[in-house]
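Hi,

Here is the structure I said I would pass on to you. Have a look at it first, and my notes on what turned up follow underneath.

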Amino acid sequence: MRLIFTLLLFCCTLTLTAQQAPQYSMYMLNIYRFNPAYAGLDNSLSATGVFRKQWVDIPGSPTQQNLNVHMPLYILRGGFGIDVENENLGAERNTSATLSYNYWIPLNKKSLLTMGIGAGVVQKALDGSKLVAPDGIYQGTTFTHNDGNLPTGMATAIAPTLSAGVYYQSEIFEVGLSANNLLGTSITYEEIDLTNIILDRNYFLTFALNLELTSTLTVHPSFFAKSDIDQTQMEISTLLRYNDNIFGGASFRGYNAESIDAVVLIGGFKLNEKVTLAYSYDLSLSAVNSVTSGSHEILLNYNLNRPFGAGVPPKIIYNPRFL
């Protein structure tokens with residue numbers, strides 16, 4: 001069954017703004033995805049893969065895959081990383097790849113400030129075979145939208161993208177601020193008449209505490225806000241970790257009665273000293289809960305857990321990550 005994309009069915013010039021960055025519930029386990037200044041702060045080669053299926057049971061609902069790898073470059077007093085992401089949303093696909101570098105500034109023996117920048121490309125694709133139009137003809141071998149704003153096949157557009165961020169890390173807490181799509185690029189599908197897509201800037205704020213309750217139990221409250229200025233979404237989370245191995249917790253997304261989105265349950269454990277597996281389930285609290293059973297997300301992290309690359313690490317006491 002073809003997806004009806006009513007948003008695209010205009011007979012005039014189309015000026016669209018891209019949606020906010022894809023939703024990920026386990027943001028606290030994948031900070032580098034949102035902030036290039038985090039590169040290398042896992043203190044070794046670290047690779048993270050995430051798969052998310054949002055709003056199960058709704059045809060065309062978002063499906064996302066994210067893969068990133070980052071590591072410290074002590075010889076350059078910083079870190080390097082690469083982030084690749086793919087999102088499918090109905091007839092639309094968004095794919096991006098970004099390279100980043102950050103510079104580390106040790107403030108004292110227990111804290112570190114980093115500044116990072118990332119550059120890459122984003123490709124948007126629209127599959128016209130999954131669209132139908134009110135005036136289209138779809139009978140037998142005839143397939144036409146009768147609308148110059150809709151492709152009958154695959155339409156693509158590509159543009160450069162730029163991101164930047166800062167990150168502060170200490171033994172007790174860490175905080176980061178970042179932004180992507182800084183160029184505010186405007187791109188056009190060559191196969192579609194009179195289209196103009198603006199990649200809106202998105203801003204991210206993360207904050208986390210790392211508290212030791214007992215010799216075997218630690219707690220990690222965190223906060224995440226993302227905004228394109230017009231709309232802002234906030235999330236508050238808490239994870240408990242037992243014996244440096246098993247962890248679990250919950251999140252609440254939404255900041256008032258109109259924006260309440262979901263409660264998220266999170267759990268995970270270390271498969272071995274280098275590999276961590278985590279899963280989250282979003283229980284929708286908004287009106288969409290009448291048509292979906294929730295959202296699922298799986299994360300897998302590999303950390304080499306030993307010094308990597310040339311150079312000497314700065315003489316500071318790093319905050320041990322709970323991954």
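Let's start with one pair of residues: Arg-93 sits opposite Ala-125 in strand 6. Strands here are DSSP runs of E with at least two residues, helices are runs of H or I with at least four, and both are numbered from the N terminus.

Before going further, some housekeeping. This is a predicted model, where local features need pLDDT of at least 70, side-chain atom pairs count only at pLDDT 80 or more, and totals for chains, interfaces and linings use all residues. Residues are numbered from 1 along each chain as its sequence is written, and side-chain values use heavy atoms, with hydrogens and water left out.

**Strands side by side**

Back to Ala-125, which also stands opposite Thr-156 in strand 9. Strand 6 (111–127) runs antiparallel to strand 9, and 17 bridges join them. Strand 6 also pairs with strand 5 in the antiparallel sense, over 16 bridges (two strands pair if DSSP finds at least two bridges between them). The connection from strand 5 to strand 6 is a hairpin through two residues.

Then have a look at strand 20 (residues 295–303). Strand 2 (residues 46–53) pairs with strand 20 in the antiparallel sense, over eight bridges, and Val-50 has Leu-299 as its bridge partner there. Strand 19 (residues 275–284) is antiparallel to strand 20 too, again with eight bridges; Thr-276 stands opposite Asn-301 in that case.

Which side chains of strand 20 are buried? Ser-295, Glu-297, Leu-299, Asn-301 and Asn-303 point to one face and are buried, while His-296, Ile-298, Leu-300 and Tyr-302 point to the other and are not. Buried means under 20% relative accessible area, exposed means over 50%, and partly exposed is in between (1.4 Å probe, protein chains only).

**Loops**

Two residues have a positive phi although they are not glycines. Asn-43, with a phi of about 65°, is in the loop between strand 1 (14–17) and strand 2; its relative accessible area of 22% makes it partly exposed. Arg-77, with a phi of about 55°, is in the loop between strand 3 (63–73) and strand 4 (78–89), and is partly exposed at 45%.

Leu-150, in the loop between strand 8 (142–144) and strand 9 (154–170), is buried, at 7% relative accessibility. Its C-alpha atom is 9.0 Å from that of Leu-126, which is 24 residues away along the chain.

**Aromatic rings**

A search of the whole structure gives ten aromatic pairs. Rings of Phe, Tyr and Trp (its six-membered ring) pair if their centres lie within 6.5 Å; planes under 30 degrees apart count as stacked, over 60 as edge-to-face and the rest as tilted. In one of the pairs, Tyr-74 and Trp-104 have ring centres 5.9 Å apart and planes at 80°, so they are edge-to-face. This pair links distant parts of the chain: Tyr-74 is in the loop between strand 3 and strand 4, Trp-104 is in strand 5 (residues 92–108), and 30 residues separate them. Tyr-74 is buried at 8%, and Trp-104 is buried at 1%.

Tyr-138 and Phe-143 are edge-to-face as well, with centres 5.2 Å apart and planes at 65°. Here Tyr-138 is partly exposed at 25%, and Phe-143 is partly exposed at 25%.

Ring pairs also link Tyr-24, Tyr-27, Phe-34, Phe-204 and Phe-224 into a cluster. Arg-33 lies over the face of Phe-34, 5.0 Å from the ring centre (a charge sits over a ring if NZ of Lys or CZ of Arg is within 6 Å of the ring centre and within 35 degrees of the ring normal).

**Nonpolar cores**

The largest nonpolar core has 16 residues, and Met-26, Met-28 and Leu-29 touch the most other members. Apart from it lies another core of 14 residues, including Leu-131, Ala-155, Ile-197 and Leu-199. A core is a set of buried Ala, Val, Leu, Ile, Met, Phe, Trp, Tyr and Cys residues joined through side-chain atoms within 4.5 Å.

Happy browsing!
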